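Please walk through the structure shown here, moving from its strands to its cores, its pocket and its backbone details.

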Amino acid sequence: MIFSGSAVVDWNNTAGFGEKALVVIFTYNKDHIETQNLAYSTDKGRTWTKSAINPIIPHPEHLKDFRDPKVFWHVDHWVMSLAAGDTILFYTSLDLKHWEQSGNFGGGYGSTDGVWETPDLFELSVDSETRWVLTVGVGNGGPAGGSGTQYFIGDFDGRNFTSENPQDATLWTDYGADYYAPQSWSDEPNARRLMLGWMNNWQYANLIPTTSWRGTFSLIRELSLTRTENGIRLIHQPIPEMQTLRSEHHRWQNEVIKPDTNLLADIRGKSLEIIAEFQITNDIDRFGFHVRTGQNEQTTISYRVKDKTLYVDRTQSGRVDFKEGFARIHSADLSPINNVVRLHIFVDASSVEVFANDGLVVFSECIFPSEQSQGLELFAEGGEVMLNSLDVYQLNPAKFSISEKQLC
């Protein structure tokens with residue numbers, strides 16, 4: 001079997017396969033022996049040749065798990081991050097074919113409840129400085145149960161990564177149940193760090209009630225760093241290109257939301273974008289949105305003022321009976337910023353993605369409502385809440401087209 005890997009453009013022909021050759025490095029798994037291998041393309045990916053020297057990195061006898069190479073160019077050499085148990089191994093190479101181990105990171109840092117997988121390593125700026133971010137998929141022990149993705153902030157010297165956070169600190173990229181194995185792009189034309197995740201969970205990945213597909217991709221997210229009172233943290237925000245999908249638009253400002261009313265009673269939709277800003281006072285217990293509502297179905301995104309916590313409740317989100325534990329309430333701490341909580345929500349056919357306080361806290365959740373459940377509700381409980389602003393957009397399906405000229 002071929003497992004995960006990554007691909008690069010060999011701009012400088014370091015491997016000798018040809019100018020601008022595409023090179024993919026991936027994990028082979030045969031009889032539970034995992035090795036790293038290489039294939040290349042000189043016709044822009046139309047055909048591929050597996051290298052005659054494979055494996056380029058054999059399986060060390062003392063390791064059980066040894067997979068998911070992520071490769072990028074750093075200054076004057078190639079770097080590979082590779083998952084091995086609860087450790088990330090680092091390798092360097094001049095030609096993509098011959099690799100030497102240069103370092104390792106792990107040894108009890110962060111969450112180690114499950115096997116580590118799918119690492120990624122990249123540099124981001126924060127104020128006038130830079131930091132390196134190492135993201136790691138964890139097969140079990142995620143914040144919402146099952147698999148999840150943690151990250152570490154630190155330094156990379158071209159050979160090894162060191163964390164600046166305490167060993168027992170665990171930082172999560174996403175507090176929902178369905179954001180795993182994310183990977184980012186290098187050399188994005190606008191110098192952005194963009195990342196895409198797999199929306200599924202190893203607890204139920206093969207059981208979800210779908211036909212001909214298993215899981216989906218998250219929205220593409222732009223990553224950045226920010227300083228908080230607890231240290232430097234990773235920010236996820238949906239890319240602005242998503243705005244091209246917007247169609248029908250509804251907007252409200254300075255509305256007082258009272259219990260037992262629904263400002264959005266006339267809005268229905270399977271694919272929606274919701275941007276809301278709430279002024280927080282102690283005069284209310286809880287407020288939020290019910291999305292994809294229908295007969296005995298709804299997914300709830302809510303904020304509880306007293307405990308400063310954001311919740312996503314999918315206990316009534318539709319089909320939940322395929323796996324015990326799917327129907328749960330997930331939560332994360334979220335303090336208001338200047339007495340304001342901001343929610344940016346994307347609702348789709350089988351997913352909800354929530355970006356709170358401009359991406360400081362994120363939830364990615366798979367849901368399986370009926371086709372008819374397309375209602376939307378804004379609610380308040382235990383008092384009134386001031387809605388500073390609310391924008392709701394219907395979203396058109398994403399379409400992709402490319403000309404033969406572009407392909408060539």
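The paragraphs below take these topics in turn. The model is predicted, and its local features are described where pLDDT is at least 70.

Begin at the N-terminal end. An open sheet of 4 strands is found with the order 1-2-3-4 and antiparallel pairing. Strand 1 (2-10) and strand 4 (49-50) are its edges; each has a single partner strand, so one side of each is left without a neighbour in the sheet. Inside the sheet, strand 2 (residues 21-30) runs antiparallel to strand 3 (residues 33-41), and 9 bridges join the two. One position in this pairing is Phe 26, which stands opposite Asn 37 in strand 3. Strands of a sheet pair through backbone hydrogen bonds, in either a parallel or an antiparallel sense.

The loop between strand 4 and strand 5 holds Pro 55. The peptide bond from Asn 54 to Pro 55 is cis, and its omega is near 0°. Most peptide bonds are trans, and most residues other than glycine have a negative phi.

After this loop comes strand 5 (67-74). Strand 5 is mostly covered, with 7 of its 8 residues buried. Its antiparallel pairing with strand 6 (residues 77-84) extends over 6 bridges, and Phe 72 stands opposite Val 79 in strand 6. The two strands form a hairpin with 2 residues between them. Val 75 lies in that loop between strand 5 and strand 6. Val 75 is not a glycine, yet has a positive phi of about 65°. Is Val 75 buried or exposed? Its relative accessibility is 67%, and the cut-off for exposed is over 50%, so Val 75 counts as exposed.

A second positive phi is found at Lys 308, about 50°, and this residue is not a glycine either. Lys 308 belongs to the loop between strand 22 (297-304) and strand 23 (309-316). With 43% relative accessibility, Lys 308 counts as partly exposed.

Turn next to strand 29 and its surroundings. Strand 29 (residues 385-395) has 10 of its 11 residues buried, so it is largely enclosed by the rest of the structure. Strand 19 (residues 246-257) runs antiparallel to strand 29, joined to it by 9 bridges. Within that pairing, Trp 252 has Leu 390 as its bridge partner. Strand 20 (residues 272-279) is also antiparallel to strand 29, through 8 bridges. There Gln 279 stands opposite Met 386.

Leu 390 appears again in the packing of side chains. The largest nonpolar core has 37 residues, and Phe 278, Phe 289 and Leu 390 touch the most other members. Residues up to four places away in sequence aside, Phe 278 touches a set that includes Phe 287, Phe 289, Val 341, Leu 343 and Leu 378. From the segment of strand 29, Val 385, Met 386, Leu 387 and Asn 388 are also among the residues that Phe 278 touches. A second, separate core has 19 residues, including Ala 21, Ile 25, Phe 66 and Leu 89.

Two other buried positions show how individual side chains are placed. Phe 152 lies in strand 11 (residues 148-156) and has a relative accessibility of 3%, so this residue counts as buried. Beyond its neighbours within four places in sequence, its contacts include Phe 105, Tyr 109, Trp 116, Trp 132, Leu 134 and Phe 161. Trp 172 is 20 residues from Phe 152 in sequence, and their C-alpha atoms are 9.0 Å apart. Thr 293 lies in strand 21 (residues 286-294). At 16% relative accessibility, Thr 293 falls under the 20% cut-off and therefore counts as buried. Apart from neighbours within four places in sequence, Thr 293 is in contact with Gln 298, Gln 372, Ser 373, Gln 374, Gly 375 and Leu 376.

The last topic is empty space. The largest pocket has a volume of about 1,300 Å³. Of its 46 lining residues, Ser 6, Lys 70, Gln 183, Ser 184 and Trp 185 are the closest to its centre. The elements that each give two or more residues to this lining are strand 1, strand 5, strand 9 (116-126), strand 14 (180-184), strand 15 (194-199) and strand 17 (221-228). By residue type, the lining divides into 24 nonpolar, 11 polar and 11 charged residues.

Notes: Residues numbered from 1 in each chain as written. Predicted model: local features only at pLDDT ≥ 70, side-chain atom pairs only at ≥ 80, totals over all residues. Heavy atoms only, no water. Core = buried A, V, L, I, M, F, W, Y, C linked by side-chain atoms within 4.5 Å. Buried < 20%, exposed > 50% of the residue type's maximum accessible area, 1.4 Å probe, protein only. Contact = heavy atoms within 4.5 Å. Pairing = 2+ DSSP bridges. 1 Å grid on protein atoms, 1.4 Å probe; cavity = no way out; pocket = protein on both sides within 12 Å on 5 of 7 lines; lining within 4 Å. Points joined across faces, edges and corners; volume = space filled by probe spheres on them. Nonpolar A, V, L, I, M, F, W, Y, C, P; charged D, E, K, R; others polar.
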